[in-house]
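Below are some notes on the model, set out as numbered points. Please read them with the structure open.

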Amino acid sequence: MANTAMLARSVFRDYLPDEVKIYISEGFRSYFRGRFLLYFSTQMTITIEEFDGFVHNQVFEAAKAYLATKISPSNKKIKVSKHQKEKSYNVTVERDEEVVDTFNGVQFRWVLRCCHVESKNQNSKAKSEVRSFELNFHKQYKGIALESYLPFMVKRATLMKQEKKKLKIFTLDTEWYSNRR
């Protein structure tokens, strides 16, 4: 076994071009580094997809609304839109942009991920986008994330949505009503 390893090492060092050596070395490093880091990582990631089957995910929509209030000057890219009848701009997180939030002394890092998926239907060449939020935090705070932070975030987003609704009151014109009798 030792002789085979020594022979492989000498062939690798003496006969392979430098480009091939670098390619193979980087491949081994990235493979083992990825495995090592995953096993010993102190970070945890929660993925929140936009759809749960064919239904909108309430947590995704809440995160989208909530994170709009957490955008800071350190963010380099944001997305802005405005509908004709709205008074204010809608600001949201741009893809691959990280937003940091602190809750009860725990730091949570959010990233919006998007990937394009082509339709498997042969007649259609439509592309769609699959969006999800990645929520990263230290493993030891898993309980806080699931039991306190996410429910707080959903509740806060719901309150923000309710504040945004306009109260419209319609009254019946008494003249029109009395003339109809």
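1. The lining of the largest pocket draws at least two residues from each of helix 3 (58-68), strand 4 (78-81), strand 5 (90-93) and helix 4. In this predicted model, the volume of that pocket is about 700 Å³. Its lining comprises 21 residues, and those nearest the centre are Glu61, Ala65, Asn90, Lys161 and Lys164.

2. On the overall layout, the chain contains five helices and eight strands. Their order along the sequence is α-α-β-β-β-α-β-β-β-β-β-α-α. Of the 181 residues in the chain, 20% are buried. Among contacts with a separation of 6 or more, 49% are between residues 24 or more positions apart.

3. Strand 6 (residues 98-103) deserves a closer look. Val99, Asp101 and Phe103 make up its covered face, while Glu98, Val100 and Thr102 make up the uncovered one. Why do the two sets interleave in this way? In a regular strand, side chains point alternately to one face of the sheet and the other.

4. Strand 6 is antiparallel to strand 7 (residues 106-118), and six bridges join the two. Within this pairing, Glu98 has Val111 of strand 7 opposite it. The two strands form a hairpin with two residues between them, and Asn104 in the turn has a positive phi of about 50°.

5. Is Asp101, in strand 6, buried or exposed? Asp101 has a relative accessible area of 4%; this is under the 20% cut-off, so the residue counts as buried. Its side chain makes a polar contact of 2.7 Å with the side chain of Tyr149. Once neighbours within four places in sequence are set aside, the residues in contact with Asp101 are Tyr66, Lys70, Val106, Gln107, Phe108, Trp110 and Tyr149.

6. Two of those contact partners, Phe108 and Tyr149, also meet each other through their rings. The whole structure holds eight aromatic pairs. In the pair formed by Phe108 and Tyr149, the ring centres are 4.0 Å apart and the planes lie at 0°, so the arrangement is stacked. Because Phe108 belongs to strand 7 and Tyr149 to helix 4 (residues 142-164), this pair ties together parts that are 41 residues apart in sequence. Phe108 is buried, its relative accessible area being 0%, and Tyr149 also counts as buried, at 0% relative accessibility.

7. How are the rings of Trp110 and Phe133 arranged in their aromatic pair? They are edge-to-face, with 5.8 Å from centre to centre and 90° between the planes. Trp110 is in strand 7 and Phe133 in strand 8 (residues 127-138), so here the parts tied together are 23 residues apart in sequence. Trp110 and Phe133 are both buried.

8. The ring pairs should also be read as a group. They link Phe60, Tyr66, Phe103, Phe108, Trp110, Phe133, Phe137, Tyr149 and Phe152 into a cluster. Tyr66, Phe108, Trp110 and Tyr149 are among the cluster members, and these four residues are also among the contacts of Asp101. Phe103, another member of the cluster, is on the covered face of strand 6 together with Asp101.

Definitions and conventions
Residues numbered from 1 in each chain as written. Predicted model: local features only at pLDDT ≥ 70, side-chain atom pairs only at ≥ 80, totals over all residues. Heavy atoms only, no water. Buried < 20%, exposed > 50% of the residue type's maximum accessible area, 1.4 Å probe, protein only. Helix = DSSP H or I, 4+ residues; strand = E, 2+ residues; numbered from the N terminus. Pairing = 2+ DSSP bridges. Polar contact = N/O pair within 3.5 Å; in protein donor to acceptor, adjacent residues only side chain to side chain. Contact = heavy atoms within 4.5 Å. Phe/Tyr/Trp six-rings, centres within 6.5 Å; stacked < 30°, edge-to-face > 60°. 1 Å grid on protein atoms, 1.4 Å probe; cavity = no way out; pocket = protein on both sides within 12 Å on 5 of 7 lines; lining within 4 Å. Points joined across faces, edges and corners; volume = space filled by probe spheres on them.
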